[in-house]
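Student: I have a structure to go through with you. Can we test each label against its rule?
Tutor: Yes, let us take the labels one at a time.

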Amino acid sequence: KTITTTLFSFDKNLPLLVRGIHFSQDEKMAQEGSAGALLRALNRLREMDERFARILSDPHAYRFQCVLTDCRCGTSKSDSPSPRLEKYRCDEEYFYPASTIKLCVAVAALHLVHRVRVAHVPDFELTTPLRFRYARDDDGSTRSFHEISRDDTNRSAGVITLAHLIRNVFLVSSNGAHNLLLDFVGRSTLRQFLFAHLGYKHFRVDCYLQDSKFGPIPGDRLVGVEASLASGAVGLPFGDDLLNYVFDPRRPPDSPPAPLFSDYSLGSSYVVSEGDWDREDLLEEAGGVVQRPKDMSRKNQASLIELQDFLIRVCRPDLFTEGRRRFGGSNKPPDILSFADRAWLTETMSRKTTESYNPDYREGGAYAEDWNKLFLPGVLRARSGDAVRIANKLGQAYGFTLDNAMICDVETGQTFFLAACVYTNENGTLNDDVYQYDLGESLLAALAEACCLELGIRD
C-alpha cells in the first residue's frame with residue numbers, strides 16, 4: 001500500500017522544513033544482507049588507510065562494530081523504499097555507551113512532560129523556568145539543602161529550562177544537563193519507559209556522568225522540581241513519582257536489564273584520581289594505578305542495535321508502523337513524541353555546535369564545526385555544503401568513540417541511519433587520558449564517507 005511519511009530536512013535560513021514523501025511500504029524490514037552497502041563500505045574503508053585495515057583485520061581487539069539502516073525513501077510515488085538493516089559484529093563484546101545514552105533520557109523527559117502537560121499542567125512549556133531542589137546528608141546526621149536554578153549559558157535571563165538542558169545535551173554533550181534530566185525523569189520511570197512501554201531489553205541508564213561545574217553531584221538527592229508559570233510557582237511530579245502519575249499503577253515491577261555481554265571487564269589496569277566519581281571502592285587510594293581490569297558491569301549499558309532502533313523511533317516513527325518492528329512487543333508500538341516535540345528535537349539534534357545562538361557557541365574558537373558530529377567530516381567529503389544534515393548523539397569515554405546518527409540528503413530525500421563504535425586504548429590503562437581518539441574519530445568519519453558513496457549520496 002502507499003503511505004505518506006514525513007522527512008525532516010533543514011535549511012540554514014529556516015528552523016525546520018517538513019517534506020511529504022510518498023512510497024510503497026514492504027510488509028516487513030529486510031534482514032541483514034550478505035553483500036549490502038555496509039559490507040561494500042567496509043571493503044572500501046580497508047583501502048582508505050592502513051590504520052583502518054589494521055582495525056578490520058583485528059576487530060575484536062578494537063571492539064569495532066556498526067549497524068546501517070538504509071531507508072531508500074524517494075521523492076515520488078514511483079519510488080519504493082527498501083528499508084534494509086545491515087550489521088557488523090553488533091554487541092559481540094562489551095562497549096561503554098558513553099554519552100550516546102543521553103538521547104534516551106532527553107526523549108523520556110519530553111515524553112513524560114508532554115503527558116503531564118496534557119493531563120494536568122496545560123500552560124507548562126519547554127521554556128518554562130525550573131528550579132531543582134536537592135538534599136544532601138553531609139556527615140550522616142546533618143542534612144543540607146541547595147537549589148539549582150541558574151544556567152549561565154542561557155541568554156534568556158540565565159534560567160534553567162527543559163529546552164535549554166536538552167539543547168546543551170546535544171550541542172556540547174553537557175553531563176550536568178544530562179544528570180538533571182536523569183534525576184527529573186527518575187531511574188525507575190526511565191526503566192518503565194524503555195522496557196515496559198517500548199519493549200527494549202538491554203538499556204541501563206543509572207549513573208551520573210561526571211561534571212563538577214554544573215548540576216548535581218554524587219550524594220545529592222532530588223526533593224523537588226518547581227516550575228515558574230505565569231500563574232505562579234507549581235510543583236511538578238519528578239523521579240519515581242512519575243511512575244504512578246504517568247504509567248499504569250498495575251504495571252509489572254521493575255526488572256534489571258537483560259545481560260548483554262559475557263564479559264564486562266575492560267582494560268588491564270585503571271587510574272584512581274582524587275575527586276573521581278568513577279571510583280569503584282572508596283577505599284581505593286587516589287593517585288594510584290589499580291593493576292586489574294575495570295569491572296564495567298554496574299556502568300551504563302546499551303545495545304548498539306537498540307540505540308539505532310531508538311533513534312529511528314524518534315526521527316522516523318513511520319518506519320515502525322503496524323506489523324513491522326525490529327524488536328518484540330506489541331505490533332503497533334506507542335508514540336514516543338508528539339509531532340511538535342519530534343520536530344523540535346530533530347532540529348535540535350541536527351544543529352551544529354557552531355550554529356547555536358542560545359547557548360551561543362558560534363565564536364571564540366572553542367568548538368569546531370564538526371565538534372558534536374563525528375560522521376560529518378566524512379559526509380562532507382562525499383556530499384558538500386548544506387545538502388546533508390545529521391541528527392545524532394555521539395559519545396566518547398574510556399577509549400571508546402561512538403556516534404548514532406540519521407544522515408539525510410535534503411535535496412533528494414535519501415536517508416540512512418548509521419551507528420558505530422570503536423575502542424582505541426593501546427596501553428590498556430583506563431582513566432589515564434592516553435587514548436587514540438584521533439584514530440577513532442578518523443575511522444568513524446571515513447566509515448560515514450564510505451557509506452555515503454555506496455548509497456549514492458555524493459556530489
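Tutor: Bear in mind that this is a predicted model. Start with two helices: the axes of α4 (residues 102–119) and α6 (residues 175–185) come within 9 Å and cross at roughly 45°.

Student: Why are α4 and α6 called oblique to each other?
Tutor: Angles under 35 degrees count as roughly parallel, and 65 to 115 as roughly perpendicular. The crossing of α4 and α6 is at roughly 45°. That value fits neither range, so α4 and α6 are oblique to each other.

Student: Which hand does the crossing of α4 and α6 have?
Tutor: The crossing is left-handed.

Student: How do you know that α4 and α6 meet, and which residues take part?
Tutor: Contact means heavy atoms within 4.5 Å. From α4 come K102, V105, A106, A108, A109, L112 and V113. From α6 come N175, H178, L181, L182, F184 and V185.

Student: What classes of residue make up the contact of α4 with α6?
Tutor: There are 10 nonpolar, two polar and one charged.

Student: Now the open spaces. What makes a space a pocket and not a cavity?
Tutor: A pocket is an open set of points, whereas from a cavity a 1.4 Å probe cannot get out. The largest pocket holds about 1200 Å³ of space. It is lined by 35 residues, and the closest to its centre are Y96, L209, Q210, D278 and Y398.

Student: Which elements supply at least two residues each to the lining of the largest pocket?
Tutor: They are β13 (388–397) and α12 (437–455). The largest share, four residues, comes from β13.

Student: How does the lining of the largest pocket divide by class?
Tutor: Into 16 nonpolar, nine polar and 10 charged residues.

Student: How many cavities of 30 Å³ or more are there?
Tutor: The count is five. The largest cavity has a volume of about 70 Å³, so it meets the 30 Å³ cut-off.

Student: What makes a residue part of the lining of the largest cavity, and which residues are they?
Tutor: A lining residue has an atom within 4 Å of a grid point. For the largest cavity, the residues are S350, K352, K373, L376, L380, G385, D386, V388, R389 and I390. Two elements give two or more residues to this lining: α11 (376–382) and β13. The largest share, three residues, comes from β13.

Student: Why does G385 in that lining count as polar?
Tutor: Gly is placed among the polar residues, so G385 is polar by that rule. The lining of the largest cavity divides into four nonpolar, two polar and four charged residues.

Note on methods. Residues are numbered from 1 along each chain as its sequence is written. This is a predicted model: local features need pLDDT of at least 70, side-chain atom pairs count only at pLDDT 80 or more; totals for chains, interfaces and linings use all residues. Side-chain values use heavy atoms; hydrogens and water are left out. On a 1 Å grid over the protein atoms alone, a cavity is a set of points where a 1.4 Å probe fits but cannot get out, and a pocket is an open set with protein on both sides within 12 Å along at least five of seven lines; lining residues have an atom within 4 Å of a point. Grid points are joined across faces, edges and corners, and a volume is the space filled by probe spheres set on the points. Axes are lines fitted to C-alpha atoms, for helices over the stretch in contact, and angles run from 0 to 180 degrees between N-to-C directions. Angles under 35 degrees count as roughly parallel, over 145 as roughly antiparallel, 65 to 115 as roughly perpendicular and the rest as oblique. A crossing is left-handed if the near helix is turned anticlockwise from the far one by less than a right angle, and right-handed if clockwise.
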